[in-house]
Amino acid sequence: MNYINKTFFLLGFFFITKFALAYENKNAHSMHMNKSDSNSNEEKFSESIKNLNFVKKAQVVKLKDGETFILIASIVKQKIGGQTIRRYAYNGMIPGPIIEVTKGSHVKIKFINQTDSDQTLHSHGLRLDYRYDGAVGLGQKAPVKPGESFVYELKFPDTGVYWYHPHVREDYSQDMGLYGNYFVKDIAKKEEPFNKQIPIVLDDILLDKNAQPFYKNYANYAAMGRFGNVMLINGISDFSADVNKGDVVRLYLTNTANTRTFQFAIPNTKMKLIAGDASSFEKEEWVKSIIIAPSERYTVDVLFEKEGIYPIQSLSPEKNYNLGKIKVTNKKSKNSYIKIFNEIHNDKDMIAEIEKVKPYFDKPIDKKLLLTVKMEMEHAEENPPKIEWEDTMPEMNSMMTSKDVVWELLDLDTKKTNMDVHWNFKKGNYYKISIFNDPKSKHPMQHPIHFHGQRFLVLSTSGIKNTNFVWKDTVLVKTGDTVEILLEASNVGKWMSHCHIAEHLTSGMMMTFDVEEK
Ligand SMILES: [Cu+2]
């Protein structure tokens, strides 16, 4: 069946089932096909741009140990392509300010919610005090309501690139523009071997005329997630940066999209992979492109040898996108790092750290998760792709809501799912967790699985052992794959694990675990 036939087939099945159920229940509440429905369950988020200020460009804010910083989420407007639309911003910026701190420092963020929806501030990847993790019902008792504020006390035990975003209705608030980076620097580090550093925050936004609006009581696009049709780097659709000929440029990639997996590439350059979510790799690696799932981070060094314009692209079997461009001038920088760039370096500290963990690599599996879904849909895909790069069924997807679809994390030992799953870990122990993404589920697709407050290693993917380790907080589990991770229970607290596709999270794909003192 080709895509179009498949769409009609699935759509037909979906409507028949849905209308039949609605008739049977004599309950029209779950129906939202009629856009003028005035039922309060169907209330939309405002799309007004009246009296709003335009968004500002992100700035870097350097915070000293002990400092307090005020972060305000508010409503702004932004022109993207030809359209001016309502957006959310942190301190008026999309992305929010880049918060730069040194490793080991403590800062306070006074978060003020001036939006019209509930918020929290989740600091993704930080091994922080769980009370300031922004997960409602665990560390944080209630969301920060419009007009309210909350002081988050953050600590930064690990160098690297992290990010902050809301942990309430991410499918709406994060898509509206609420995301920003933390850069955690090592104060002891000497001069670094690159000419320029550029943060690259990847996102997409749906500005199609057929796009469904956002509703207050549920997420739509709950099958594949809300794919955008306009690609953004650092919040804009026409990103451009200038570098000099011969420059080695360090790019810090973060994927903040609701669901889109990017395959990042800059053709005709040499690119070297340096770091991932929460650490450097043991060994640098030459790469042609990087697959980066929602919430993952990667750091790469890129050499621009010749003058010219280099498109920044996202590649997939479905479609290639130009995300932005790098303009290489004919000027030359004072220092050249080409010689160092051309060598592959080992990170001795990281190798030593991994050496200490290796005795746990062959331990038995502690926990087994299955990734699956409950939905009114006949399984139709015979050979599902490993990654859904695009929304191939937008009509159906747009009408699937978080009330129709339950994405599931299923504990294979207890047979419990989602928030009924609760694991107890002891601080200082390592736990081997196997995560299997069922290719025969009713809608097989990839899931980026995130563990809060801890870090882990990806030991193997479908039996193929990893040979170059990096500390991670999110792993992309592709369709049909079994990924084995080794979770280091290092940070006491009540934590959450979930799929980082925003609509899947809103559709229930989350569970909890505790880390307790031994
Ligand atoms: Cu998912």
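The following paragraphs describe two open sheets, a copper site, two nonpolar cores and the surroundings of one aspartate in a predicted model.

One of the sheets is open and is built from five strands in the order E12-E20-E19-E14-E17, with mixed pairing. Strand E12, covering residues 239-245, and strand E17, covering residues 290-292, occupy its edges, and because each has a single partner strand, one side of each is left without a neighbour in the sheet. Neighbouring strands of this sheet are turned against each other by 25° on average, when direction is ignored. Within the sheet, strand E19 (residues 308-314) is joined to strand E20 (residues 321-332) by seven bridges, and the two strands run antiparallel. The bridge partner of isoleucine 309 in E20 is lysine 327, and the two strands form a hairpin in which six residues lie between E19 and E20. Strand E19 also pairs in the antiparallel sense with strand E14 (residues 262-265), in this case over two bridges, and here alanine 265 stands opposite glutamine 313 of E19.

Another open sheet, likewise of five strands and with mixed pairing, follows the order E23-E31-E30-E25-E28. Its edge strands are E23 (422-426) and E28 (474-477), each of which pairs on one side only, and the twist from one strand to the next averages 20°. Strands E25 and E28 run antiparallel and are joined by four bridges, with proline 448 placed opposite leucine 476 in E28.

The copper ion is held by three protein donors, namely His447 through ND1, Cys499 through SG and His504 through ND1, which lie 2.0 to 2.1 Å from the ion. Along the chain these donors follow the spacing H-x51-C-x4-H. Distant parts of the chain are linked by the pair of histidine 447, in strand E25 (residues 447-451), and cysteine 499, in strand E30 (residues 493-499), which are 52 residues apart. Both histidine 447 and cysteine 499 are buried.

The largest nonpolar core comprises 81 residues, of which Ile435 and Phe451 touch the most other members. When residues up to four places away in sequence are not counted, phenylalanine 451 touches Trp423, Ile433, Ile435, Phe456, Asp473, Ile485, Leu487, Met496, Ser497 and Phe513. A second core, separate from this one, contains 32 residues, among them Ile200, Leu251, Met271 and Val328.

Aspartate 481 is located in the loop between E28 and strand E29 (482-488). With a relative accessible area of 8%, this aspartate is counted as buried, because the term applies to residues under 20%. Residues that aspartate 481 touches, again leaving out those up to four places away in sequence, are Lys386, Ile435, Phe436, Asn437, Thr461 and Ser462; Ile435 is thus a contact of aspartate 481 as well as of phenylalanine 451. For serine 462, a polar contact of 2.9 Å joins its side chain to that of aspartate 481. The C-alpha atoms of aspartate 481 and glycine 463 are separated by 9.1 Å, the two residues being 18 residues apart along the chain.

Definitions and conventions:
Residues numbered from 1 in each chain as written. Predicted model: local features only at pLDDT ≥ 70, side-chain atom pairs only at ≥ 80, totals over all residues. Heavy atoms only, no water. Pairing = 2+ DSSP bridges. Axes fitted to C-alpha atoms, helices over the stretch in contact; angles between N-to-C directions. Donors = N, O, S within 2.8 Å, 3.2 Å for Na, K, Ca; no water. Buried < 20%, exposed > 50% of the residue type's maximum accessible area, 1.4 Å probe, protein only. Core = buried A, V, L, I, M, F, W, Y, C linked by side-chain atoms within 4.5 Å. Contact = heavy atoms within 4.5 Å. Polar contact = N/O pair within 3.5 Å; in protein donor to acceptor, adjacent residues only side chain to side chain.
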